[in-house]
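Please look at the sequence and the structure together, and keep both in view while you read. The paragraphs that follow lead from one pair of residues to the sheets, then to the helices, and at last to a few turns of the backbone.

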Amino acid sequence: MTTVIDGKNVAASVIQTVKGATAALEKSTGVITGLAVVIVGDDPASHAYVGSKGRMAKECGFKSVQHTLPAETKQEELAALVATLNADPSIHGILVQLPLPKPLDSEAIIQSILPAKDVDGLSVVNAGKLATGDLKTGLVSCTPAGAMVFVRRTHGEDLSGLNAVVIGRSNLFGKPMAQLLLNANATVTIAHSRTRNLAEVCRNADILVAAVGRPEMVRADWVKPGATVIDVGINRVAAPERGEGKTRLVGDVAFEEVSAVASTITPVPGGVGPMTIAMLMANTVIAAHRTAGQTPPQF
């Protein structure tokens, strides 16, 4: 029987750990974990994401602050706000919602966030710490961190002797995911659009992670029987069977056929997606513990 990972359940267990750690930190040190979210412009999807992050932060017992700026905000004004949040001791995590409206330079803003408060794990300092195996002082990008929770709960902490293939080499997901797997002693291959014989490379994987943004690209004959398949893709495709103009969400993996081959698989939706916000909360409470000189919780 194939195990279908319930991302909502795993995310809920992460949030329970966050709540406990938040309450314990406040009780022992008086420190209230603080998260500041900055959103620029009026993109509806971004506002929906920010709203859900704010609600979850409050549910976890955080001090939750939101700064909503108009689309015409200048680079210097946004940079000044980030500098103020960097200097605020009551804020342990800073999140700037991407994408930023043009002509704002998002990279400059992201890199200006203090690495210790960079709960999205996007600064070059945190990327460098991950690349050198420093998981004790860095913060890891939320989506790969969430996917890695699934891997650990399936295979344990030590992945020695297992082959892992990550399809996708983005700085947001592919590279940090590969580093996390490597740090856990897996033998890791990063595949991408220029990889020759991609299906053959994937068939060698005990752990296959797909993050390419191509609907249902990974087919059953790409997958080693008994493999663990983590699907990070979120693609909207036409669904005429639901009515004219209707769509549905699918991943990068052809779920129905691959689930007949894999031993463990994540669905889309309901797999990696719920973990991203959960790991954002986890990163924030980890950052608060470090600032207070306390040992952070494990996730």
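In strand β3, T68 is the bridge partner of I39. Strands here are DSSP runs of E with at least two residues, helices are runs of H or I with at least four residues, and both kinds are numbered from the N terminus. Before going further, note that this is a predicted model, in which local features need pLDDT of at least 70 and side-chain atom pairs count only at pLDDT 80 or more, while totals for chains, interfaces and linings use all residues. Residues are numbered from 1 along each chain as its sequence is written, and side-chain values use heavy atoms, with hydrogens and water left out.

The pair just named belongs to a longer ladder, since strand β2 (residues 34–40) and β3 run parallel and are joined by 7 bridges; two strands are said to pair if DSSP finds at least two bridges between them. These strands sit in an open sheet of 3 strands with parallel pairing and the order β3-β2-β4. At its edges are β3 (63–69) and β4 (93–96), each of which pairs on one side only, and from one strand to the next the twist averages 15°.

A second open sheet has 6 strands, again with parallel pairing, in the order β1-β11-β8-β7-β5-β6. Because β1 (3–4) and β6 (187–191) stand at the edges with a single partner strand each, one side of each is left without a neighbour in the sheet. Strand β5 (residues 163–167) pairs in the parallel sense with strand β7 (residues 207–210) over 4 bridges, and β5 also runs parallel to β6, to which 5 bridges join it. V166 shows both pairings, for it stands opposite V209 in β7 and has I190 as its bridge partner in β6. Of the 5 residues of β5, 4 are buried, so that the strand is mostly covered; buried means under 20% relative accessible area, exposed means over 50%, and partly exposed lies in between, with a 1.4 Å probe and protein chains only.

Which helices lie on this sheet? Helix α6 lies across β7, β8 (228–231) and β11 (264–265), running at about 165° to β8, whereas α7 packs on the sheet by touching β5, β6 and β7, with a direction that makes about 170° with that of β5. Such angles run from 0 to 180 degrees between N-to-C directions, and the axes are lines fitted to C-alpha atoms, for helices over the stretch in contact. The buried residues of α7 are G174, P176, M177, A178, L180 and L181, and they pack against α5 (124–131), α6, β5, β6 and β7.

Two packed helices are described by the angle between their axes and the distance between the axes. For helix α6 (residues 142–155) and helix α7 (residues 174–183), the axes come within 9 Å and cross at roughly 35°. Where they meet, P144, A145, A147, M148 and V151 in α6 are in contact, meaning heavy atoms within 4.5 Å, with P176, M177, L180 and L181 in α7. By class, this contact of α6 with α7 has 9 nonpolar, no polar and no charged residues, where Ala, Val, Leu, Ile, Met, Phe, Trp, Tyr, Cys and Pro count as nonpolar, Asp, Glu, Lys and Arg as charged, and the others, Gly among them, as polar.

Another helix to find is α10 (residues 273–291), which holds H289 and A282. A282 counts as buried because its relative accessibility is 0%, and, leaving aside its neighbours within four places in sequence, A282 is in contact with V14, V18 and F299. H289 is buried as well, at 7% relative accessibility.

Finally, the backbone has some unusual places, for most residues other than glycine have a negative phi, and most peptide bonds are trans. N185, in the loop between α7 and β6, has a positive phi of about 80° although it is not a glycine, and N197, in the loop between β6 and α8 (198–202), has a positive phi near 50°. The peptide bond from K102 to P103 is cis, with omega near 5°, and the bond from V268 to P269 is cis with omega near 0°.
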